[in-house]
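Visitor: I have not read a protein model before, and I would like to learn how to go about it. Please take me through some features slowly, with the general idea before each case.

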Amino acid sequence: MIKLGYKLMSEEHGPADLVRNARRAEDAGFEFAAISDHFFPWIEEQGHAPLAWSVLGAIANATRRIELMTALTCPIMRYHPAIVAQGTATIALLSNNRFSLGLGAGERLNEHVVGVGWPGRVARHERLVEALEIIQGLLAGTMTNYRGQYFQLDHARLFDRPEHKPAVILAAGGVKAAGLAGKLGNGLIATEARTDLIEAYAAAGGAGPRYAEVALCYAEREEEACKIAHHYFRWSLAGWPVMAELPDTEGFAAASKHLTPETVAQQVSCGPSPERHLQAIDRYVKAGYDHIILIQVGPHQDAFIDFFERRLAPALRGLKAA
C-alpha cells in the first residue's frame, strides 16, 4: 500500500513552526514526515534554515505515531559520517524507532560553509560511498575503524544505539545513484516520476521502500497558488545538475529570475482542485513509488493539511504502487 508523507520544509519555516506542523500532520493522518537538512534556504524569500537535527529531537518528543526521516542529509562535508550515524541513532531512540535516515550527495549551497571547497561530481560520489559504508557499519555495530581516501574512523563506537538499525534511504537523480541505493542503501528517494530509477535500484538488489517527493501548492484560487509557488519554489526548476553547483541564494535568484508563475505551475500542481493534485501524485504511483512525500509550497500549511485530510487522503488510501 502507498504510504503518505508530509514534507517539513526547513527553508520555509522556523523551528517552532516545523514542530507544530509535524504535530498537525500526525493528527491529520500522515504516516511519516520528512525534513530537509540545509544550512541555507534556496532563495532569500524562503527565509529559514534551522538545524534539522535539533528540530527532529523536538518533533520526536512532540509526536507519538508519525515516522520521521531526513530528506535529505549530506554526509560528505558539513557533517562527518560518524556524526550523522550518531545523530541517527539518537533520534531513533528518542522517537522509539520511528526514524529513517535519508542521504544524498548534497549541494554546494549548503556544504561550502566549512571552507574546504566543493569537489567535482566523481569525488562527491566517491565520498558518498565511503560515508555510506561508515554510517551503515556504525549503525549496525560492526565497524570501529575505517581508512578510506576521504574519511577515517579511529576506534569509533555508538554507545546509544537502537536495537533495530534505522533504514538508510539514498537519493538518486540518475541510474548510477539508483544502483548505489540498491547496493548500499535500504531504500530509494527521487524527485522525478522515473521508472528507470526504480528498475536500476531493483537490478542492484534494492528491495526496500521507494520514496518520491511531489510538490503541490494548495490555495483557494489557482492564481494565488501560482504566485505562491513562484515566490517560494521557482529555484527548483533549475534541475539537479545546476542546483548542486550554485554557491548561494543570490545564484539561485539569478538562475530563476526570468521564470514566470505560469512556468512554475507547469511543474508544481497549483490551485484548489483535488483532481489536479491527485493527477500529479498518480504519476509517481504509476511509476512505482510507494512512499509519497507531499510538499505544500508556501506559508499556508494549516489549510493544506486540512485539505489533505478532507479531500486527498480519502482518495489515496489503499492505493498500490505499480
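Guide: Let us begin with the names of the elements: helices (H or I, at least four residues) and strands (E, at least two) are DSSP runs, numbered from the N terminus. This is a predicted model, in which local features need a pLDDT of at least 70 and side-chain atom pairs count only at pLDDT 80 or more, while totals for chains, interfaces and linings use all residues. Residues are numbered from 1 along each chain as its sequence is written, and side-chain values use heavy atoms, with hydrogens and water left out.

Visitor: What pLDDT does the protein average, and which element has the lowest mean?

Guide: The term pLDDT stands for the predictor's confidence in each residue, from 0 to 100. Here the protein averages 97, and 100% of the residues score at least 70. Among the elements, helix H9 (residues 240-243) has the lowest mean pLDDT, at 90, whereas strand E2 (residues 32-35) has the highest, at 99.

Visitor: How many salt bridges does the structure hold?

Guide: Side chains of opposite charge can pair when their charged atoms come close. A salt bridge is counted when a side-chain nitrogen of Lys or Arg is within 4 Å of a carboxyl oxygen of Asp or Glu, and the structure holds 17 of them. In one of these, the side chains of Lys286 and Asp282 meet at 3.1 Å, N to O. Lys286 and Asp282 are four residues apart in helix H12, so about one helical turn separates them.

Visitor: Which salt bridge links distant parts of the chain?

Guide: Take Glu111 and Arg78, whose side chains meet in a salt bridge at 3.3 Å, N to O. Glu111 belongs to helix H4 (residues 108-111), while Arg78 sits in the loop between strand E3 (67-70) and helix H3 (81-94), and the two are 33 residues apart. Another case is the salt bridge between the side chains of Glu222 and Arg276, at 2.8 Å, N to O. Since Glu222 lies in helix H8 (residues 222-233) and Arg276 in helix H12 (residues 274-287), this pair ties together parts that are 54 residues apart in sequence. There is also a network of salt bridges that links Arg20, Arg24, Asp302 and Asp306.

Visitor: Is Glu111 buried or exposed, and what of Glu222?

Guide: Buried means under 20% relative accessible area, exposed means over 50%, and partly exposed is in between (1.4 Å probe, protein chains only). Glu111 counts as buried at 1% relative accessibility, and its partner Arg78 also counts as buried, at 15%. Glu222 counts as partly exposed at 39%, as does Arg276 at 36%. In the H12 pair, Lys286 is exposed with a relative accessible area of 60%, while Asp282 counts as partly exposed at 26%.

Visitor: Which residues of helix H7 are buried, and why do they line one face?

Guide: In helix H7 (residues 195-203), the buried residues are Leu197, Ile198, Ala200 and Tyr201. Seen down the axis of H7, they fall within an arc of 165 degrees (taken from the directions from the helix axis to the C-beta atoms), so they line one face of the helix. The face turned away from this buried side carries the exposed residues Glu199 and Ala203. The buried residues of H7 pack against helix H6 (175-184), strand E8 (187-190), strand E9 (210-217) and H12.

Visitor: Which residues is Ala287 in contact with, leaving aside its neighbours within four places in sequence?

Guide: Contact means heavy atoms within 4.5 Å. Ala287 lies in helix H12, counts as buried at 11% relative accessibility, and is in contact with Ala193, Arg194, Thr195 and Ile198 once those neighbours are set aside. Ala287 and Arg194 are 93 residues apart in sequence but 6.2 Å apart in space, C-alpha to C-alpha.

Visitor: Where is the cis peptide bond, and which residue has a positive phi although it is not a glycine?

Guide: Most residues other than glycine have a negative phi, and most peptide bonds are trans. Here a cis peptide bond joins Ala71 and Leu72, with omega at about 10 degrees, and Leu72 is placed in the loop between E3 and H3. Asn96 has a positive phi of about 60 degrees without being a glycine, and so does Asn97, at about 65 degrees. Asn96 is found in the loop between H3 and strand E4 (99-103), where Asn97 lies too. Asn96 is exposed, with a relative accessible area of 63%, whereas Asn97 counts as partly exposed at 39%.
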